Amino acid sequence: MLETDRLLLRQWVEEDFDLFAKMCSNERVMEFFPNTQTREESYEMARKIQSLINERGWGLWAIEVPSRYKFIGFIGLHTPQCNMPFSPCVEVGWRLSNQYWGKGYATEGAKAALEFAFNILKLNEVVSFTTVGNVRSEAVMKKIGMHNSGHNFMHPNIEQSHPQCEHILYKINQSEWRQTTL
């Protein structure tokens, strides 16, 4: 569990699953994904995330705004399982319900996740990626000190002909991150 000034990054609980399913069926939230998720797909994903946190002690934590909102989405660290052209890697990622966009939550939580990645896990580098055109996620990546690697890639789990196949890769290494925290 991690805490910031406004957020609690915590393990998932069963009560989060319905809100997560609702979020993942929202076309606005899922605009930069190949499709929305069914309730069953969302529950399966939430259980997998929960299991990985139990196993490793870190992952894509459920986000809570204490005394205000029990669940607004997830932010955290993940090791992509697919064969990314830059694997092995750890990525920082987020997905929030759209009513919580524009409040700085993704940036605040992602900074806490990077601090965990570099200070606790002692990682040398963290990546983040999104489909071309997702300027909101790119803005978060820039705000947390990441830089565009200059190497776009075709996501191996998305059909090559799909308009969201091409992705932008951002990176930050430990020394770059330390400079942003001075």
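**Helix packing and selected residues**

S175 is partly exposed, its relative accessible area coming to 47% in this predicted model. As for its place in the fold, S175 belongs to helix α5, which spans residues 174–180. Looking from there to N152, 23 residues away along the chain, the C-alpha atoms of the two residues sit 23 Å apart.

Turning to helix packing, a pair of helices is usually summed up by two things, the angle between the axes and the distance between them. For helix α1 (residues 16–24) and helix α2 (residues 39–56), the axes come within 9 Å of each other, and the crossing angle is roughly 125°. That angle makes α1 oblique to α2, because values from 115 to 145 degrees are neither roughly perpendicular nor roughly antiparallel. The handedness is easy to state too: α1 goes past α2 in a right-handed crossing.

On the α1 side, the contact is made by F17, D18, F20, A21 and C24, and these meet R39, S42, Y43, M45, A46, R47 and Q50 of α2. Sorted by character, the residues of this contact come out as seven nonpolar, two polar and three charged.

C24, one of the α1 residues in that contact, is buried, with a relative accessible area of 0%. C165 is buried as well, and its relative accessible area is likewise 0%. As for cysteine pairing, the structure has zero disulfides; no two cysteine sulfur atoms lie within the 2.5 Å that would count as one.

Key: Residues numbered from 1 in each chain as written. Predicted model: local features only at pLDDT ≥ 70, side-chain atom pairs only at ≥ 80, totals over all residues. Heavy atoms only, no water. Axes fitted to C-alpha atoms, helices over the stretch in contact; angles between N-to-C directions. Helix = DSSP H or I, 4+ residues; strand = E, 2+ residues; numbered from the N terminus. Parallel < 35°, antiparallel > 145°, perpendicular 65-115°, else oblique. Left-handed = near helix turned anticlockwise from the far one by under 90°. Contact = heavy atoms within 4.5 Å. Nonpolar A, V, L, I, M, F, W, Y, C, P; charged D, E, K, R; others polar. Buried < 20%, exposed > 50% of the residue type's maximum accessible area, 1.4 Å probe, protein only.
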